[in-house]
Amino acid sequence: MNLNLKKLACLAFLCGINFAVFAQNKNVQLPANWFNLDLTENGYFGISTEKAYRDLLKDKKPKQEIVVAVIDGGVDINHPDLKNVLWTNKKEIPGNGIDDDGNGYIDDVHGWNFIGSKKGNLEFDNLELVRLLRIYTPKYQSTTNLTPLDSTQKEEFRLYKKMVGDFGKKYEDASNTFSVLIAINKVLDSVAKINKKEIPTLADIDQYKADDETEEQVKTIIRKGAKEDGGFEKFYKNIKDGYKQYDAMLKYNLNPKYDMRAELVGDDYSDANQRNYGNNDVKGPDAFHGTHVSGIIGADRNNAEGILGVANAVKIMAIRVVPTGDERDKDVANGIRYAVDNGARVINMSFGKSYKWDKKAVDEAVKYAETKGVLLVHAAGNDNQDNDVEENFPNKFFDSKESEAYKQAHKKASKPDFTPPRPNAQYGGMGMRAPYDRTSALKPVPVDTAKFNLPHATNWIEVGASAYKDDDNLKADFSNYGKYNVDVFAPGFLIKSTIPDNKYEEADGTSMASPVVAGLAGLILSYYPELKPAQVREIIMKSVSKVAHKIKYKNEKGENVRVLFSEICVSGGIVNAYNALKLAETYK
């Protein structure tokens with residue numbers, strides 16, 4: 001590792017390894033169930049689930065068990081806190097290798113895996129950005145602004161130029177971050193080896209004699225990280241997880257030469273109408289994310305162990321479509337259709353991406369769910385971006401004649417002085433951008449609210465993530481937001497839930513906030529099953545705990561700004577189970 005001291009310090013700061021100044025402090029011990037607690041009674045800005053069970057539901061029984069589908073990366077169906085709350089296809093005889101119910105899926109006992117086959121499971125995939133560049137690069141690699149193009153080609157070339165820039169930025173950022181993680185890991189592993197321990201202690205780090213100034217800087221980063229992460233063990237795990245994440249990002253997600261879809265899934269990817277492919281392994285090779293999501297929704301409330309899910313009468317249907325990388329639109333559409341056809345009333349979707357490939361397939365599946373009375377709950381994303389301005393897929397807006405007309409009427413003029421970066425053979429000819437200027441001032445993008453009236457789904461809730469304390473840091477620092485596109489916020493910071501192999505762990509993200517809302521929707525429907533998706537959505541949004549004070553977040557310039565909560569989401573508040581159930585009682 002030949003990083004000089006100045007570069008290491010710079011990279012650590014730029015990549016967030018040296019920890020953001022405005023991030024929530026993780027050096028805090030929260031109740032495992034804080035997201036279900038009440039702000040007034042308990043001092044934590046949860047959703048008042050326990051208060052609702054105690055004061056509103058103690059003499060009531062659920063009228064119906066509600067199936068909540070978890071479209072994700074896999075679910076550990078043997079977890080003790082989940083095994084009693086799983087959806088089971090009673091028409092299917094487990095393990096007989098026959099499609100007993102004739103739905104096209106063999107032995108789909110607890111759900112289905114759309115990214116696998118008899119040959120195994122797809123664990124890694126590219127970002128959608130890379131898959132698109134694989135298509136467009138041969139067409140436009142040598143194109144200039146002077147090349148004659150028709151209207152379709154001009155639009156594709158504009159997209160290609162944007163993608164080349166985005167790819168370069170992502171690759172540079174990932175490479176820089178991974179370099180810092182390598183340096184930190186080197187010190188951690190060296191200290192462990194010297195002390196003959198699997199995991200060293202912070203005292204071991206302090207006593208370690210650094211080989212050079214670079215390692216001394218790493219020691220400083222480790223000390224600060226341990227303090228801000230709430231302990232050395234948490235920091236150590238975060239670094240190891242981060243190393244694994246960025247290693248996969250560079251090897252698979254951002255590698256245009258990697259593509260195992262055809263070999264491991266074997267479907268006709270060009271056929272969006274193909275339904276029957278995959279296997280019944282709903283856990284897959286990495287079920288951390290989906291298992292965590294499932295526990296938040298409905299972890300067993302009656303087994304006196306582990307955690308308490310939001311809902312007490314739901315069945316979790318496991319649908320695997322998300323690899324380590326970006327999900328594919330065909331799989332998402334089929335996941336939605338499978339959930340609808342097999343009785344789900346609520347679908348949680350804790351995933352997203354910045355580019356689309358076959359949005360029509362997803363749109364048609366969303367419309368299908370809408371006609372069948374199924375509510376879709378989607379995570380807003382973790383890039384601290386304004387979803388009113390930036391693209392985030394999937395979303396509730398349909399690609400329609402109206403949206404295309406709007407797009408043509410509001411088309412941005414391309415920059416004539418832009419030239420795509422020179423292709424670099426090392427990265428598959430996709431090109432690398434010039435070094436990213438992080439100090440450049442970005443002009444605020446005005447929001448045209450007319451586009452939010454374009455055709456869209458009425459059975460969709462978009463969810464941002466909130467923290468535990470009712471102060472100006474209430475918005476989780478990573479959470480996307482949007483005055484018009486993010487409907488509600490819900491707890492998504494240090495949420496403890498189920499993970500594979502009978503364990504529990506804290507995790508952050510709008511991926512954790514979305515299942516809080518999906519669980520709430522399931523809870524409402526279990527007591528009021530006659531409600532329609534649009535009504536459940538309305539109840540959840542109208543019953544939020546309004547946030548009257550200003551909150552702070554970093555805007556697109558990196559500036560710390562203060563705004564009212566109503567400026568970052570439609571409802572202006574945090575979902576609340578107690579209020580929602582009281583309001584649901586009034587609906588007829």
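Helices and strands here are DSSP runs, numbered from the N terminus. The model is predicted.

**Stop 1: Asp107**

Select Asp107, in the loop between β1 and β2 (111-113). Its phi is near 55°, a positive value in a residue other than glycine. Most residues other than glycine have a negative phi. Asp107 counts as buried because its relative accessibility is 8%, and buried means under 20%.

**Stop 2: the annotated site**

Go back along the sequence to strand β1 (residues 66-72), where Asp72 is found. Now add His289 and Ser511 to the selection. The unreviewed UniProt entry annotates Asp72, His289 and Ser511 as "active site". These residues are spread over 440 residues of sequence, yet they cluster in space, with a largest C-alpha distance of 9.9 Å.

Stay on Asp72. Is Asp72 buried or exposed? Asp72 is buried, with a relative accessible area of 2%. Show what surrounds Asp72: beyond four places in sequence, Asp72 touches His289, Gly290, Val293, Ile319, Arg320, Val321, Val322 and Ser350.

Next, centre on His289, in helix α10 (residues 288-298). His289 is partly exposed, at 28% relative accessible area. Draw the distance between the side chains of His289 and Asp72: they make a polar contact of 2.7 Å. What else does His289 touch? Leaving out residues up to four places away, the list is Asp72, Ser350, Ser511 and Met512.

**Stop 3: the nonpolar cores**

From Ser511, move along helix α14 (residues 510-527), which supplies 11 residues, the largest share, of the largest nonpolar core. That core has 66 residues. Colour Val517, Leu520, Leu523, Ile524, Leu531, Ile540 and Val575, the residues with the most contacts inside it. Zoom in on Leu520. Beyond its neighbours within four places in sequence, Leu520 is in contact with Val310, Ile540, Val575, Ala577 and Ala580.

Apart from the core of 66 residues lies another, of 39 residues. To find this other core, select Ile115, Val265, Val374 and Ala457, which are among its members.

**Stop 4: Asn576 and Ser48**

Select Asn576, in the loop between β15 (573-574) and α16 (577-584). Asn576 is buried, at 5% relative accessible area. A polar atom of the Asn576 side chain lies 2.8 Å from the backbone nitrogen of Asn579. Setting aside residues up to four places away, Asn576 touches Ile47, Ser48, Ser543, Val544 and Ser545.

Follow that list to Ser48. Where does Ser48 lie? Ser48 is in the loop between α2 (39-42) and α3 (49-55). Its phi is near 60°, positive although the residue is not glycine. Ser48 counts as buried, at 2% relative accessibility.

**Stop 5: the cavity and a cis bond**

Turn on cavity display. The count comes to 1 cavity of 30 Å³ or more. The largest cavity has a volume of about 70 Å³. Which residues line the largest cavity? Select Glu327, Asp329, Val332, Phe351, Lys353, Lys356, Lys359, Val362, Asp363, Phe393, Pro394 and Asn395. Helices α11 (329-341) and α12 (359-371) each supply at least two residues of this lining. The largest share, 3 residues, comes from α12.

Finish on two of the lining residues, Phe393 and Pro394. The peptide bond from Phe393 to Pro394 is cis, with omega near -5°. Most peptide bonds are trans. Pro394 sits in the loop between β7 (375-379) and α13 (401-409).

Key
Residues are numbered from 1 along each chain as its sequence is written. This is a predicted model: local features need pLDDT of at least 70, side-chain atom pairs count only at pLDDT 80 or more; totals for chains, interfaces and linings use all residues. Side-chain values use heavy atoms; hydrogens and water are left out. UniProt positions are given in the numbering used here, feature names are shortened, and annotations may be inferred rather than shown by experiment. Helices (H or I, at least four residues) and strands (E, at least two) are DSSP runs, numbered from the N terminus. Buried means under 20% relative accessible area, exposed over 50%, partly exposed in between (1.4 Å probe, protein chains only). Contact means heavy atoms within 4.5 Å. A polar contact is a pair of N or O atoms within 3.5 Å; within protein, one must be able to donate a hydrogen and the other to accept it, and residues adjacent in sequence count only if both atoms are side-chain atoms. A nonpolar core is a set of buried Ala, Val, Leu, Ile, Met, Phe, Trp, Tyr and Cys residues joined through side-chain atoms within 4.5 Å. On a 1 Å grid over the protein atoms alone, a cavity is a set of points where a 1.4 Å probe fits but cannot get out, and a pocket is an open set with protein on both sides within 12 Å along at least five of seven lines; lining residues have an atom within 4 Å of a point. Grid points are joined across faces, edges and corners, and a volume is the space filled by probe spheres set on the points.
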